[in-house]
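Open the model in your viewer and keep the sequence panel beside it. The tour goes from one selection to the next and says what is there.

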Amino acid sequence: MSDYLVIVESPAKANTIKKYLGRKFRVMASKGHCMDLPKSQFGIDLQNNFEPKYITIRGKGALLKELRAAGKEAKRIFLAADPDREGEAICWHLAKLLGLAEDEACRVEFHEITESAVLQAFKEPRSLSRAMVDAQVCRRVLDRIVGYKISPLLWKKIRKGLSAGRVQSVALRLIVDREKEIGHFQPAEYWTLTVRLDAGNFEFSANYFGRKGKKHIPATSEEINSLLDNLRDKAFLVTSVKQKSRRRMPAPPFTTSSLQQEASRKLGFTSRRTMMVAQQLYEGLPLEDGIVGGLVTYIRTDATRIAQAAQTEARQFIAREFGKDYLPAKPPVYAGKKSAQAAHEAIRPTDVRRTPEQIKAILSRDQYRLYKLIWERFLASQMSAAVYDLVEVDIAAGDYQFRAAGSQVLFDGFIKLYTEGQDEEEAAGKTLRVNQETDGLTPVFACSLSGLVAGQALTVLGLKPMQHFTQPPSRYSEAMLIKALEEKGIGRPSTYAPTVETLLTRGYVVRENKIFSPTELGSIVLELLMEFFSGILNVDFTAEMEEKLDHVAAGGLSWVEVIREFYEGFTKDLKAAEERMEKIELVPDVSDEPCPNCGKLLVRKLGRFGHFLACPGFPGCRFAKPIVRETEASCPECGKTLVERRSKRGRKFFGCSGYPSCKFTTWDVPQKEKCPSCGYLTVKKGNLWRCASKECSQVLYERQSKRTGQSQPLPEKTGTKPAGRDAE
């Protein structure tokens, strides 16, 4: 018999911490919540201060019986669920089920699963926080009211299976509004002008800036032609050379949101995949010499704070592995959001001395890649700033001004280890700025520019005007959507992944090539919600509600008053919607292909993994088949057309249309052109076009610019890993 019972929410977490506590402790897992609102009924007593009706979750009866029996045998019970509102609520319900007193010091809280952190936490148990539980109850009740009152209305007016939610509906609005922006966008013409100049001992390019010190962007061909005429026979002289250094600071260590964004940009992970792998790293894995331990700190956090001991450890590692030049004089302090929970740290390795390469052999591929990302980001956040030498040259041609600029790294600092990824919009904006303001020069040319002097005459080698058109805003990638939700204060880090999954599962949006687009159904649902529930879909309302939940968690606000204030206006909107919302008939997209079973024309439908054809006679006739998208490429094994398919997890791949007689597949996008060396299939992976043959694996060329489509040939053999099923 054990003296103490410890209950955590995860079996993996239980297996890890039982290694630290010794034989006197029995560690069991509740496997998440044991109590929740019923699924089959509303579960909120509107007449009694919105009292929630919690019931034991179906299937948890046997587990609770085991926990009660173990609790009766133990001298003392400790509750050690995750250190957040959900974890506090899990502990609260367990305390009720096990008969623990409200003021009993049974709550154990730790932010990393390491032996020292766990043992220290058990020395400082506390009583349960009713305020934190109230905040979780408030959120749960609020979401239940919105979901269970609006969703049946959507079933009645559109079709069954639809849902509305406080956070998911606002996220859908962002995606739909962006699609409208793109649809209404009118491209505007503009021109740039580049001059190629000879300084005597080197050549360089400069971009047209404006006239008489004022910025000017030619908008028409007439303007650019007039400018070219006015520049004819003009002398080009250097008017000023400015040289300065700039420091670039590292990004702060990861929060949940920034981890999801960066894993999407750099690893191609969905937010759900990121959180699943991060949870594995947090809960603990078998390490060297049979030791089991958590590799990263708690993964649901919006704080950038770092414990002093962790900073000291990181500084010692940096000084030893990189040198003292890479160590800032003082440990950096990163400003966090006002709403960030002060008790939490940023996501970091539990032991920075445990490098990714040291433990690569015991990690899965996903675990290794995500751990490496977290380890590098944290270590880089504690390193010295990078220092750049910037050179800006102003050139006059009469009244007209041109500008050339370049930079070179004087000291690489943190970028020796890590550089932050960019979203498409940020990258496009940076490219445009480079085109308009700099020459994109190599460090050699940047050094040469600094040798120019005011009054120096330059020889014109050529003028190159280029026509451009403004581009519409980009559709949201998962990283961009999460960033927008965070910036607008919508939801919490733990809600981003389920929000995205709900939008996809309900068929409100589709994700193609990692980019979200709203479906017709999503647009219709949002239009109805905006007409009758515009207050809930207001970004400011959602952000203000998150702040109120924070106040409830801090003990400064009553959760009942928060719900009552919301419900008064909501009931009026709901009544108006029930009376005036029109029924929408979704017209099926009928194809010209008959059902092979009953002869009815198949209709196009949207499922979890994209569009498919199905018989309209369902459920009488259940025939369905995927919509096959043909490529222009031929199967290298049998010559038949390659088609796009989906794996069981929804991942896109390409296979032979002759399946199952031919089973050729590839994850990479097949190309029409054959390999010039061996005649095999070529594929596109990222920016690289290469031969798909493992024996050849020749890289043909690399795409340089999304906007211009220009490509640069690469050496015939690059040593790059061949394309294939295991290439990501």
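Start by selecting Phe532. Leaving aside its neighbours within four places in sequence, Phe532 is in contact (heavy atoms within 4.5 Å) with Asp573, Ala576, Ala577, Arg580 and Met581. Phe532 belongs to helix α16, residues 520-532; helices (H or I, at least four residues) and strands (E, at least two) are DSSP runs, numbered from the N terminus. The relative accessibility of Phe532 is 6%, so Phe532 counts as buried; buried means under 20% relative accessible area, exposed over 50%, and partly exposed in between, with a 1.4 Å probe and protein chains only. Add Lys575 to the selection: C-alpha to C-alpha, Phe532 and Lys575 are 9.5 Å apart in space, with their positions 43 residues apart in sequence.

A note on what you are viewing: this is a predicted model, in which local features need pLDDT of at least 70 and side-chain atom pairs count only at pLDDT 80 or more, while totals for chains, interfaces and linings use all residues. Residues are numbered from 1 along each chain as its sequence is written, and side-chain values use heavy atoms, with hydrogens and water left out.

Next, select the sheet. Its 4 strands form an open sheet in the order β23-β24-β25-β26, with antiparallel pairing. β23 (629-634) and β26 (665-666) stand at the edges with a single partner strand each, so one side of each has no neighbour in the sheet. Two strands pair if DSSP finds at least two bridges between them. Strands β24 (residues 641-646) and β25 (residues 652-656) are joined by 5 bridges. To see one bridge pair, pick Leu642 and its partner in β25, Cys656.

Now turn to the salt bridges (a side-chain nitrogen of Lys or Arg within 4 Å of a carboxyl oxygen of Asp or Glu). The whole structure has 40 of them.

Select Glu86 and Arg139, whose side chains meet in a salt bridge at 2.8 Å, N to O. This pair links distant parts of the chain, with Glu86 in helix α3 (residues 85-98) and Arg139 in helix α5 (residues 130-157), 53 residues apart. Widen the selection to Asp143, Arg166 and Glu546: with Glu86 and Arg139, they are linked in a network of salt bridges.

Move to helix α8 (residues 256-267), where Arg265 and Glu262 lie 3 residues apart, about one turn of the helix. The closest N and O atoms of their salt bridge are 2.7 Å apart. Arg265 is partly exposed at 22% relative accessible area, whereas Glu262 is buried at 0%.
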